[in-house]
Amino acid sequence: MKIQGKMFMWLSVFVLAMAVVYGVWSKEPAGTTALFLAFGLCIMIGFYLGFTAKRVDAGAQDNKEADVADDAGEVGFFSPHSWQPLSLGIGGALAFLSVAIGWWLMYFSLPIILIGVWGWVFEYYRGENRTQ
């Protein structure tokens with residue numbers, strides 16, 4: 001994780017330099033503001049990764065002598081049969097479509113999104129998968 005933190009810190013330096021150059025050259029406030037906000041996001045992510053790297057064990061990506069196989073293993077648990085991402089995708093698509101069509105469509109997309117989030121969070125709290 002240490003190398004990712006350094007990469008984001010270097011990326012933030014680059015984005016800051018580009019924000020200054022873009023702001024001076026174009027005198028366009030929206031793009032300049034977006035680049036400065038991207039700089040802030042890069043700093044936050046880089047600081048978080050650097051701070052977290054101090055508290056966890058060094059991974060294979062931090063070892064220059066490591067092979068690709070050294071980082072192999074279980075990444076996490078991913079539900080193999082969940083229908084909740086489909087619900088969230090449909091609700092998200094309707095929500096973004098409401099920007100183009102009309103905000104009234106958000107009234108229909110919000111319940112679909114909330115049902116998807118609720119189902120995804122509590123998917124393994126009841127039913128046949130309760131013990132997993």
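## D71 and the loop it sits in

D71 is exposed, with a relative accessible area of 52%. Here exposed means over 50% relative accessible area, buried means under 20%, and partly exposed covers what lies in between, using a 1.4 Å probe and protein chains only. D71 belongs to the loop between helix 2 and helix 3. Helices are DSSP runs of H or I with at least four residues, strands are runs of E with at least two, and both are numbered from the N terminus. Measuring tape in hand, so to speak: D71 and I43 are 28 residues apart in sequence, and their C-alpha atoms are 26 Å apart in space.

A word on the ground rules: this is a predicted model, in which local features need pLDDT of at least 70 and side-chain atom pairs count only at pLDDT 80 or more, while totals for chains, interfaces and linings use all residues. Residues are numbered from 1 along each chain as its sequence is written, and side-chain values use heavy atoms, with hydrogens and water left out.

## Helix 1 against helix 2

How do the axes of helix 1 and helix 2 cross, and within what distance do they come? Helix 1 spans residues 2–26 and helix 2 spans residues 29–55; their axes come within 8 Å and cross at roughly 165°. The axes are lines fitted to C-alpha atoms, for helices over the stretch in contact, and the angles run from 0 to 180 degrees between N-to-C directions. Helix 1 and helix 2 are therefore roughly antiparallel to each other. For that wording, angles over 145 degrees count as roughly antiparallel, under 35 as roughly parallel, 65 to 115 as roughly perpendicular, and the rest as oblique.

Helix 1 passes helix 2 in a left-handed crossing, and by class their contact has 19 nonpolar, 9 polar and 1 charged residues. A crossing is left-handed if the near helix is turned anticlockwise from the far one by less than a right angle, and right-handed if clockwise. In the class count, Ala, Val, Leu, Ile, Met, Phe, Trp, Tyr, Cys and Pro are nonpolar, Asp, Glu, Lys and Arg are charged, and the others, Gly among them, are polar.

## The turn at K27 and residues of helix 2

K27 lies in the loop between helix 1 and helix 2. Its phi is near 55°, a positive value in a residue other than glycine. K27 counts as exposed, at 67% relative accessibility.

Helix 2 itself offers some useful reference points. I43 is found in helix 2 and is partly exposed, with a relative accessible area of 31%. Although I43 and W10 are 33 residues apart in sequence, their C-alpha atoms are 9.2 Å apart. A38 also lies in helix 2 and counts as partly exposed at 26%. The C-alpha atoms of A38 and L114 are separated by 29 Å, with their positions 76 residues apart along the chain. G40, again in helix 2, is partly exposed at 26%; its C-alpha atom is 31 Å from that of W120, which is 80 residues away along the chain.

## Helix 3 against helix 4

The second helix pair to look at joins helix 3 (residues 84–101) and helix 4 (residues 106–121), whose axes come within 8 Å and cross at roughly 155°. That makes helix 3 roughly antiparallel to helix 4. Helix 3 passes helix 4 in a left-handed crossing.

## What the record lists

The unreviewed UniProt entry lists residues 7–25, 31–51 and 94–121 as "transmembrane region". UniProt positions are in the numbering used here, feature names are shortened, and annotations may be inferred rather than shown by experiment. In the model, residues 7–25 are 100% helix and 0% strand, with the end C-alpha atoms 27 Å apart. Residues 31–51 are likewise 100% helix and 0% strand, with the end C-alpha atoms 30 Å apart.

## Aromatic pairs

How many aromatic pairs does a search of the whole structure find? There are 4. Rings of Phe, Tyr and Trp (its six-membered ring) pair if their centres lie within 6.5 Å; planes under 30 degrees apart count as stacked, over 60 as edge-to-face and the rest as tilted. One of the pairs is W104 with F108: the ring centres are 6.2 Å apart and the planes stand at 85°, so the pair is edge-to-face. W104 is partly exposed at 49%, whereas F108 is exposed at 53%.

The rings of W118 and F122 have their centres 4.6 Å apart and their planes at 50°, so this pair is tilted. W118 counts as exposed at 60%, while F122 is partly exposed at 35%. Ring pairs also link W118, F122 and Y125 into a cluster.
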